[in-house]
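Trainee: I have this one open for the first time, and I'd like to talk through the empty spaces inside. Could you start with what the terms mean?

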Amino acid sequence: MSRIWVGIDSGKGHHHGLALDAGGKTLLSRRVANDEPELLKQMGDVLALADCRKVTWAIDMTGGEPALLLALLINHGQEVLYIPGRLVNRASDGYRGEGKIDARDAYVIADQARMRRDLRPVCPGDESAIELKLLTGRRTDLVEDRTRVVNRPRGTLLSMFPALERALDMTNTGPLKLLTGCQAPAWISRAGTARLMKWLANRKVRNARSLAEAAVEAAERQHTAVPGEKTIAKLVHTLAEEVMALNEQISEMDKLIEGRFREHELADIVQSVPGVGTVLGAEFLAAVGGSLEEFDSPDALAAFAGVAPAPRDSGKVSGNLHRPVSYHRRLQRVFYTSALISVRFDPNSRKFYDRKRAEGKKHVQAVLALARRRVNVLWALIRDRRCYEVTLPATTAAGQQH
């Protein structure tokens with residue numbers, strides 16, 4: 001059947017749609033406002049132009065700016081393909097013309113969709129998976145903000161009190177609370193261990209004694225005040241409060257994610273896998289759309305997650321494997337991070353990891369191999385609707401029987 005391919009270059013206020021026929025001839029090219037009546041009119045014009053031909057839409061984003069357009073297309077039963085922006089950028093080099101204009105990008109998207117056979121369809125995810133995607137995305141933003149902000153009080157404190165900067169882990173609440181009360185070495189020396197420990201304990205800081213002792217020990221190593229000490233101390237105080245505020249926001253977001261994650265029908269199965277907590281479990285469900293219906297096999301899921309190496313053979317060279325170029329970054333992080341954690345707590349995972357290390361694989365290679373194996377395990381668990389069960393090694397099990 002003849003077909004029309006429509007490429008959508010999405011934007012904040014407007015999208016650009018361009019339609020091609022099977023031979024690559026441009027049938028329509030139009031800029032349309034990101035507004036429901038305008039989008040519906042554009043869709044109607046394309047369908048009228050199709051005249052019994054099948055229409056396939058292609059887009060370079062699956063959320064955010066084109067969310068309304070995607071909802072309209074899916075609600076009207078249209079086939080939509082997703083082509084990652086990085087693939088569009090690389091493909092653009094093979095087309096005539098230079099510069100980035102919406103019409104050109106839309107043409108590249110439509111033409112790539114017309115020629116490629118490896119693009120994934122955009123399917124409607126369940127409501128809970130969509131919510132988890134939004135919540136986990138927001139959490140990622142907050143964590144990245146905290147990483148940037150944590151470096152500021154660390155660098156500022158280093159310019160005034162390097163010994164204390166070395167002694168404190170500013171990702172924890174206790175050191176941050178300490179910095180809201182004491183920053184300069186002279187202040188900490190005057191306070192002493194006992195008073196500082198009491199001050200921290202009153203604010204419910206864990207390990208108040210060890211933290212107070214570390215701060216006083218650092219103060220004893222510096223008796224010189226640097227220029228601008230009072231101003232630096234105020235800045236450290238303010239920046240520490242900013243980090244604590246972000247920690248509270250992340251904690252609140254974790255509660256929201258946990259509550260929504262536990263309502264999903266697959267939550268117990270996903271979380272039963274060692275190393276997969278509520279956050280990683282939520283990110284998994286968000287990445288796969290709440291189910292594995294889009295994946296024909298564990299191999300397809302592994303390729304999508306980037307834990308299945310891609311071959312790069314040429315001439316007489318064979319067996320040359322490398323990391324795939326196109327994969328879901330967050331889903332790869334879910335499998336890799338959970339595999340890394342499981343090595344410490346799950347005997348089955350530890351046994352597999354040790355075997356790979358004995359085969360000569362490096363640490364990262366062994367963890368990636370374990371991550372790939374976990375794809376098969378999780379696939380089977382979801383297919384059979386059962387939870388993971390830890391199988392103790394034979395020697396351990398025999399010892400428990402005696």
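Mentor: On a 1 Å grid over the protein atoms alone, a cavity is a set of points where a 1.4 Å probe fits but cannot get out, and lining residues have an atom within 4 Å of a point. Grid points are joined across faces, edges and corners, and a volume is the space filled by probe spheres set on the points. The model is predicted, so local features need pLDDT of at least 70 and side-chain atom pairs count only at pLDDT 80 or more, while totals for chains, interfaces and linings use all residues. Residues are numbered from 1 along each chain as its sequence is written, and side-chain values use heavy atoms, with hydrogens and water left out.

Trainee: OK, how many cavities of 30 Å³ or more are there?

Mentor: There are two cavities of 30 Å³ or more; the largest holds about 50 Å³ of space, and the second largest about 30 Å³.

Trainee: Which residues line the second largest cavity?

Mentor: Its lining is made up of Ile8, Val32, Leu39, Gln42, Met43, Trp57 and Leu69, and helix H1 (residues 36-50) gives the most, with three residues. Helices here are DSSP runs of H or I, at least four residues, numbered from the N terminus.

Trainee: Now the largest one: what lines that?

Mentor: Val270, Val273, Val276, Phe284, Val334, Phe335, Ser338, Arg374 and Leu378 do. Helix H14 (329-345) and helix H16 (363-384) each supply at least two residues of that lining, with the largest share, three residues, coming from H14.

Note on methods:
1 Å grid on protein atoms, 1.4 Å probe; cavity = no way out; pocket = protein on both sides within 12 Å on 5 of 7 lines; lining within 4 Å.
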